[in-house]
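Open the model in your viewer and keep the selection tool handy. We will go from stop to stop, picking a few residues at a time and looking at what surrounds them.

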Amino acid sequence: MNFSFLRYGLLFALLFGSGVVVLRAQDLGTVKARMEQRLPALDALRMKGAVGENNRGFTEVRQAVDNAPAIVAEENRDRETVYAAIAKQQGGVTADQVGRARARQIVTQSRSGVWLQRDSGEWYQK
């Protein structure tokens, strides 16, 4: 099964799991739809090595091929929205802390061949 689909499912489970909806359902639905729609293109860029997952829970362009910069910008904008919503829901945590925790999950769930960034900033291929 595609690790990215599971990843987004976990993020939205965190948002809706406690019954507290931080953003309006329509807004979250829009974010989710955009993320799901761009997922195949993002996965393809990951497997080409053009995009990696950094240590803050965001995607990062490693090679500016195809439309990687635009896809990365859109994905990161939506991730910022999700991380901020989770942080607000959790209380006492920042969006940055949520993103960094998510980055650790991404490392364990990523497929072989995906570029990842260590806490030190060093990139490696899983």
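**Stop 1: an arginine between rings**

Select Arg 62 and Trp 123: the charged end of Arg 62 sits over the ring of Trp 123, 5.0 Å from its centre. Now add Trp 115, since Arg 62 also lies over the face of Trp 115, at 3.9 Å from the ring centre. Here a charge counts as over a ring if NZ of Lys or CZ of Arg is within 6 Å of the ring centre and within 35 degrees of the ring normal.

Before moving on, note that this is a predicted model, in which local features need pLDDT of at least 70 and side-chain atom pairs count only at pLDDT 80 or more, while totals for chains, interfaces and linings use all residues. Residues are numbered from 1 along each chain as its sequence is written, and side-chain values use heavy atoms, with hydrogens and water left out.

**Stop 2: the whole chain**

Zoom out and switch to cartoon. You should find 4 helices and 4 strands, following the pattern α-α-β-β-α-α-β-β along the sequence. These are DSSP runs numbered from the N terminus, with helices being H or I of at least four residues and strands E of at least two. Of the 126 residues, 39% count as buried (buried is under 20% relative accessible area, exposed over 50%, partly exposed in between, with a 1.4 Å probe and protein chains only).

**Stop 3: the aromatic pair**

Which two rings make up the aromatic pair? Select Phe 58 and Tyr 83: their ring centres are 5.3 Å apart and their planes are at 65°, so the pair is edge-to-face. A search of the whole structure finds 1 aromatic pair. Rings of Phe, Tyr and Trp (its six-membered ring) pair if their centres lie within 6.5 Å; planes under 30 degrees apart are stacked, over 60 edge-to-face, and the rest tilted. Phe 58 lies in the loop between strand 1 (51-53) and strand 2 (59-61) and Tyr 83 in helix 3 (residues 68-90), so the pair ties together parts that are 25 residues apart in sequence. Both Phe 58 and Tyr 83 are buried.

**Stop 4: the cores**

Keep those two selected and add Val 31, Met 35, Val 82, Ile 86, Ala 87 and Val 98; together they form the largest nonpolar core, of 8 residues. Such a core is a set of buried Ala, Val, Leu, Ile, Met, Phe, Trp, Tyr and Cys residues joined through side-chain atoms within 4.5 Å. Helix 3 supplies the largest share, 4 residues. For a second, separate core of 7 residues, select Leu 45, Val 51, Ile 71 and Val 72, which are among its members.

**Stop 5: a buried glutamate**

Select Glu 53 in strand 1. Glu 53 is buried, with a relative accessible area of 2%. Its side chain makes a polar contact with the side chain of Arg 46 at 3.0 Å (a pair of N or O atoms within 3.5 Å; within protein, one must be able to donate a hydrogen and the other to accept it, and residues adjacent in sequence count only if both atoms are side-chain atoms).

**Stop 6: two sides of helix 4**

Finish at helix 4, residues 95-109. Colour its buried residues, Val 98, Gly 99, Arg 102, Ala 103 and Ile 106. Seen down the helix axis, they fall within an arc of 145°, so they line one face; the arc is that of the directions from the axis to the C-beta atoms. On the face turned away, pick out the exposed residues Arg 104 and Thr 108.

Note on methods. Expected span 1.5 Å × (residues − 1).
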